[in-house]
Amino acid sequence: MAVKTIGVLGLGVFGSSIAKELSDFDCEVLAVDLDVNNVDRVEPYVTEAIQGDITDLDFLKNIGFDNCDVVVVATGTSLEASVLAVMNCKKLKIDTIVAKAKNKVFMEVLYAVGATKVVRPEKEMGTRVAKNLLRRHITDIVDLDDEFAVIEFYPPARWVGRSLQELDLRKRYEMNVIGIRRKPEKRLDVSFGPDYIIDGSDIIVGIAESEIFERYDYLNKLK
């Protein structure tokens with residue numbers, strides 16, 4: 001499998017953390033920032049760290065940025081710089097452009113000029129912390145896409161001693177149960193039938209529309 005080349009434009013806290021994380025997973029990382037101190041900070045971790053202006057198309061061409069499979073535009077404070085960086089990536093025919101935005105207006109503009117994905121790290125982190133505080137039964141969620149996720153959760157007390165068939169989770173919560181983690185090892189067991197009786201120490205693993213199931217859990221409405 002070919003090694004993926006990922007460009008990171010802007011090496012503040014967000015950009016440098018992405019660059020360092022990517023370098024641990026067999027990616028070629030090309031990192032760029034105008035501030036030499038930021039460049040020096042990530043240089044030991046990435047394939048190549050270069051000082052330069054991310055809004056300069058000719059500069060990006062000269063350093064081979066058009067060879068990137070994915071680019072992260074990680075500068076989020078200047079809308080002008082982010083817009084120009086995204087537009088440069090489009091001109092270099094980069095298919096996947098992920099951009100950071102500090103607010104909703106920035107997000108709308110960056111999508112309009114060609115970003116394929118826009119993230120708001122501070123907002124998303126706040127949402128994640130809030131959800132972790134609200135969880136009653138959910139132990140883990142792995143997103144499959146923007147809607148569906150694999151969800152692991154302890155059964156509510158009222159489910160214990162009842163069968164999967166009786167609970168009918170597909171009808172109630174649009175969930176397909178794909179596994180049960182049983183005590184004591186909590187290894188995933190996928191060999192069970194609709195007559196399986198839920199134990200209080202089980203962890204149920206299912207696929208569901210995450211927002212819907214999370215709302216049931218947070219509002220303590222799993223019945």
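This is a short walk through one sheet and the helix that lies across it.

First, the ground rules. The model is predicted, so local features need pLDDT of at least 70, side-chain atom pairs count only at pLDDT 80 or more, and totals for chains, interfaces and linings use all residues. Residues are numbered from 1 along each chain as its sequence is written, and side-chain values use heavy atoms, with hydrogens and water left out.

Now the sheet. Helices (H or I, at least four residues) and strands (E, at least two) are DSSP runs, numbered from the N terminus. Two strands pair if DSSP finds at least two bridges between them. The sheet is open and has five strands. Their order is β7-β8-β11-β9-β10, and the pairing is antiparallel.

Which strands stand at the edges? They are β7 (138-143) and β10 (188-189). Each has a single partner strand, so one side of each lacks a neighbour in the sheet.

Let's go through the pairs. β7 is joined to β8, residues 148-153, by five bridges. Find I141; its bridge partner in β8 is I151. Next, β9, residues 176-181, runs antiparallel to β11, again with five bridges. There, V177 has G206 of β11 as its bridge partner.

β9 also pairs with β10, over two bridges. R181 is matched with L188 in β10. These two strands form a hairpin, with six residues between them. In the turn, K186 has a positive phi of about 65°.

Last, the helix. α9, residues 210-218, lies across β7, β8 and β11 (203-209). α9 runs at about 130° to β11. Contact here means heavy atoms within 4.5 Å. Axes are lines fitted to C-alpha atoms, for helices over the stretch in contact, and angles run from 0 to 180 degrees between N-to-C directions.
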